[in-house]
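Morning, everyone. I have one structure to walk through today. Please look at the screen.

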Amino acid sequence: MNIKILTPEFVAFEGEVSSVLLPGKNGDFHIKKDHAAIVASLTGGKVRVYTNTIPENYEKHFTKENTSDSVYSIEVKSGVVEFSNNKGIILAE
């Protein structure tokens, strides 16, 4: 599935991922391939992207969560996610 993470200043990420874990208003939630269409608000926390690699031009925005898994995170203050047809846009601050 394809995810794009946008902030007011820059594009933080765009690419293929296996899933994404998001900090929702009612707790964290996971979006995987073929997830139902959703629009949701995000609170402050970590957006975790599950992917084999982060493209070099986006690496500076992410922290690798651990050495064994391909989990990368970016801190957000708030935002909105829209996901449908295996494409997602995360608008974050």
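Start with the aromatics. There are two aromatic pairs in this structure. Keep in mind that we are looking at a predicted model.

One of the pairs is Phe-13 with Phe-62. Their geometry is edge-to-face. The ring centres sit 5.8 Å apart, and the planes meet at 75 degrees. The cut-off for edge-to-face is over 60 degrees, so this pair qualifies.

Which parts of the chain does this pair tie together? Phe-13 belongs to strand β2, residues 11–16. Phe-62 belongs to the loop between β6 (45–50) and β7 (63–64). The pair therefore links parts that are 49 residues apart in sequence.

Are these two rings buried or exposed? Phe-13 and Phe-62 are both buried. Tyr-58 joins them as well: Phe-13, Tyr-58 and Phe-62 make up one aromatic cluster.

Stay in the loop between β6 and β7 for a moment. Glu-59 is found there too. Glu-59 counts as partly exposed, because its relative accessibility is 45%. Now look across to Ala-12. Glu-59 and Ala-12 are 47 residues apart along the chain, yet 8.8 Å separates their C-alpha atoms.

Now step back to the whole fold. How many helices and strands do we have? Zero helices, and 10 strands. Reading along the sequence gives β-β-β-β-β-β-β-β-β-β.

Next, overall dimensions. The C-alpha trace spans about 30 × 25 × 20 Å along its principal axes. What does the radius of gyration tell us? For 93 residues, a compact globule would come out near 12 Å. The protein has 12 Å, so it agrees with that expectation.

On burial, 41% of the 93 residues count as buried. The accessible surface comes to about 5,500 Å². Carbon and sulfur atoms account for 47% of that surface.

Contacts next. Take those between residues at least 6 apart in sequence. Of these, 53% join residues at least 24 apart. The Phe-13 and Phe-62 pair, 49 residues apart, spans that kind of separation.

A quick word on charge. The protein carries 10 positive and 12 negative charges. Their mean positions lie 2 Å apart.

Let's move to another loop, the one between β4 and β5. Strand β4 covers 27–32 and β5 covers 38–42. Two residues here deserve a look.

Take Asp-34, which lies in this loop. Its phi is near 70 degrees, a positive value in a residue other than glycine. Asp-34 has a relative accessible area of 60%, so it is exposed.

Then there is Ala-37, in the loop between β4 and β5 as well. Ala-37 counts as exposed because its relative accessibility is 63%. What does Ala-37 touch, leaving aside residues up to four places away in sequence? The answer is Phe-83 and Ser-84. Compare that with Gly-15. Ala-37 and Gly-15 are 22 residues apart in sequence, and their C-alpha atoms are 19 Å apart in space.

Those contacts bring us to β9, residues 79–84. Just beyond is the loop between β9 and β10 (87–92), where Asn-86 is placed. What is the phi of Asn-86? It is near 60 degrees, again a positive value in a residue other than glycine.

To recap. This is a predicted model with 10 strands and zero helices. Phe-13, Tyr-58 and Phe-62 form one aromatic cluster. Asp-34 and Asn-86 have positive phi values. That's my walk-through. Over to you for discussion.

How values were computed. Residues are numbered from 1 along each chain as its sequence is written. This is a predicted model: local features need pLDDT of at least 70, side-chain atom pairs count only at pLDDT 80 or more; totals for chains, interfaces and linings use all residues. Side-chain values use heavy atoms; hydrogens and water are left out. Helices (H or I, at least four residues) and strands (E, at least two) are DSSP runs, numbered from the N terminus. The radius of gyration is taken over C-alpha atoms; the globule rule is 2.2 Å times the number of residues to the power 0.38. Buried means under 20% relative accessible area, exposed over 50%, partly exposed in between (1.4 Å probe, protein chains only). Contact means heavy atoms within 4.5 Å. Accessible areas come from the Shrake-Rupley method with a 1.4 Å probe; for residues, only the protein chains shown count as cover. Lys and Arg count as positive and Asp and Glu as negative; His and the chain ends are not counted. The place of a charge is taken as NZ of Lys, CZ of Arg, CG of Asp or CD of Glu. Rings of Phe, Tyr and Trp (its six-membered ring) pair if their centres lie within 6.5 Å; planes under 30 degrees apart count as stacked, over 60 as edge-to-face and the rest as tilted.
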